[in-house]
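Colleague: Mind if I quiz you on this one? I'd like to hear how you back up the words you use for it.

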Amino acid sequence: MAQNNLKGLVIVESPTKVKKIGGFLSKDYKVMACVGHVRDLPANSTEVPADVKKESWASLGVNVDKDFEPLYVVPKAKKKVIKDLKDAAKNAAELIIATDEDREGESIGWHLVEILNPKVPVKRMVFSEITKEAIQEAIQNPREINQNLVNAQETRRVLDRLFGYTLSPLLWKKVARGLSAGRVQSVATRLLVLRELERMAFKSGQYWDLKAELATEKDERFTAKLNKLKGTKVASGKDFDESTGKLKKDAKVLLLSEEDAVSLRDKIVGQPWVVSKIEERKQTRKPYAPFTTSSLQQESNRKLGFTARQTMQIAQGLYENGHITYMRTDSTNLSKEALSATRKRVEEKYGKEYLSPEPRQFTKKSKGAQEAHEAIRPAGGEMKTSEELGLSGPGHKLYSLIWKRTMATQMAEAKLRFQTVTISVDDAEFRAVGKRVDFPGFFRAYVEGVDDPEAALDDQEENLPHLEEKQSVDCKDLESLVHETKPPARYTEATLVKGLEEDGIGRPSTYASIIGTIQDRGYVVKVGTQLVPTFTAIAVNQLLERNFSRLVDFSFTAEMEKYLDDIASGDRDRLQYLQDFYSGAEGLAEQVKTKEASIDARETCTLKLAGLDTDIRVGRYGPFFEKEEAGEKITASIPPNIAPADLDNDMIEKLLYEKKQGPTSLGEHPETSLPVYVLRGPFGPYVQMGDVTEENKKPKRTSIPKNREPESVDMEIAIALLGLPKKLGEHPETGKVVNAAIGRYGPYVTHNGVFKSLGKDYDVLTVDLDTAVELLKQAKSRATATPIKELGKHPDDEQLVAIYDGRYGPYVKHGKINATIPKGYEIDQVSLEEAVQWVNDKAAQKGGKKKVAKKKKAAKKKRKKE
């Protein structure tokens, strides 16, 4: 059929979907990708049209004087995409919008129709999985674009712009340039800051108890802990007040000291031990609901160590390739077809006894649940395993998690038996607790992870031997143990996502980008799995709490989400809400204008923290403190590796002492005759060869590794550090050099583009070639890293242009050129044309820098000659 007789032009968001969906439709249809958003509010002043640049609202990109009308612009990189779509639309009998089924997808579809202005009928097709059956059903049952969903999404976009662009400039003036405020971002940061402040205010309590190793006549061993003494319960961690470190006023318990515990141990160790009471209770556990966006992010973080961003990127790929249903959903519902297919697979794989008696559905009562259709599950009606699909790597891991969780939903309940045994000795009572899985049920397929690293998983058994009342047991060992109460745990990505969802803050589909943003802005540092707020975050939160408390109030933010949900259902008006939020005496604009002059920048950036005798200041170059001694002010920077709640008065005194000491001279370098010093900077201690002079502005410097105290560094060690990088030898397989060095993130070994951190277990000065070779085997080569997504070939040299996942997030790579993906772009939104533009711009920048460097070098040579 000729192209100008196309039955329909189908527009999807991602190029990956084009081939997949096109394969399910007849040749009467042409499938094209708009590659994400086709227009948006101006990203910067250069995108603002000349005819509105002088308007008072131009910097906002929203006409607040005309019903909050958004100023939409088509980015330069999208102009060719739009032209191609317009040309194709001319040859089609109808335009079919097939963007994602959520509000954002609905909004993108509406923008497409607005820009393309088609002269043919427009239809909207929606689907939650990319399978032949789902696509053909969707195209046969189209609907119109839902304007209520569009209004909700556009209101959200305008609201976020008004919030960010009105408050962020204030943060620049009062705290530091480059900071930002966000409707959900600032509240998420507040959650982390409040937890850190709780840790600072926390006072640890100490208590003692006894643990006995007991044995039956058959020498079956089990452990029991002291529970009561003279009929009174012995104190445990939950009986302490976190703010005082002492017992709660209403705690009716006995607090044992070390002396008490040791005395009791000596008294009872040789006395008769008798089982005085046995209690049993049975319990059934129901399967967990199938995955939503939020629960998937939490579990993949707990079980697989994936960040929220990684999870969504991998899930996007699985969805676009037809392996799972749509991954942005609040629903726990499973379709009839999915229920039937899952139950059939359970019976085949696990047996009929593991199948639930009836199909099991789940209902979710979440705050502001979006108009989702189905939970995240394997796509199609066969429920194939990852191995059957031929998946590998991260995709295999995440799909397997989804598959197992889905299977578990239709499996029988697990049956557990708990046993509590009381053992009496003299006037003390010990307690032993056992757990047995009588029938694993759905545990065969899936057991949910836990956030507490010390907590046991549901299916872990703790068996006790067969015991009877009045039975004597032998005490094989009895030890007195001391315990310290622990501060509340910092948030991980999993617990932060859980907390945000429980409070109704933001949308689960945006959590990945929010967590990324608060790290990019310097509000949070990820240490292991912990999200640690910085001193800057505390200062910003202090400003917002003191002056705009409503904007970072959890209930207020949740109400905003509910209002947006009401707009989506057609029950509320967008204009009235935006006017109430931004305009008038109580509106955001007037509040910022009124309070700006009264906000003292120095006071905002001065932190009075619990437990510290010295105020912390947040300055241009990071956090520091100052102290007056003998009429002289001494300031010292706080190293970036010290978390706010970990800073104490002893640490402050040490940092001040080191600052007063100044550089430690080790003598002259034997080869260069230059002085060698040990110094301390904002990023920690380091050694330096030579003084800073006009001719030598950057003397040779090397960081001192964390496994060495600066005081232990002598001339021999300093010379070795200054000699880095150090050649360890040639790699036995390639013959290429293996080096050891210290970089921005600490000591490492490297070979042929492969880098491996030495961590705490190895010394950069003593590591040998064999050890380095073994460590490098564990590393992943940057040169051979697998791209997240291949975009196509560069038009100039036919080399691959692809997206990779880097330490600071996703980036585009072409040859040796790496270009950061601009903020606001999702992986599936990036087109080849945009990526080519970014790498070309980066290459031009590098070329420009080289030219400037050459000119400077030439000018320097000329001055020397003169």
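Colleague: How much accessible surface does the protein have, and what share belongs to carbon and sulfur atoms?

Modeller: About 44,600 Å², with 48% of that on carbon and sulfur atoms. Bear in mind that this is a predicted model.

Colleague: What makes the protein as compact as a globular protein of its length?

Modeller: The globule rule gives 29 Å for 866 residues, and the radius of gyration here is 32 Å, which is close, so the word fits. The C-alpha atoms fill a box of roughly 95 × 90 × 70 Å along the principal axes, and the secondary structure comes to 23 helices and 31 strands.

Colleague: What share of the residues is buried?

Modeller: 47% of the 866. As for contacts with a separation of 6 or more, 67% join residues 24 or more positions apart.

Colleague: Why is Thr 293 called buried?

Modeller: Buried means under 20% relative accessible area. Thr 293 has 1%, so it counts as buried. Its place is in helix α8, residues 293-304.

Colleague: How do you know that the side chain of Thr 293 makes a polar contact with the backbone nitrogen of Thr 329?

Modeller: The cut-off for such a pair is 3.5 Å, and the side chain of Thr 293 reaches that nitrogen at 2.7 Å.

Colleague: Which residues beyond four places in sequence is Thr 293 in contact with?

Modeller: Met 312, Met 327, Arg 328, Thr 329, Ile 376, Pro 508 and Ser 509. Contact here means heavy atoms within 4.5 Å.

Terms used. Residues numbered from 1 in each chain as written. Predicted model: local features only at pLDDT ≥ 70, side-chain atom pairs only at ≥ 80, totals over all residues. Heavy atoms only, no water. Helix = DSSP H or I, 4+ residues; strand = E, 2+ residues; numbered from the N terminus. Rg over C-alpha atoms; globule rule 2.2 N^0.38 Å. Buried < 20%, exposed > 50% of the residue type's maximum accessible area, 1.4 Å probe, protein only. Areas by Shrake-Rupley, 256 points an atom, 1.4 Å probe, with all protein chains shown as cover. Polar contact = N/O pair within 3.5 Å; in protein donor to acceptor, adjacent residues only side chain to side chain.
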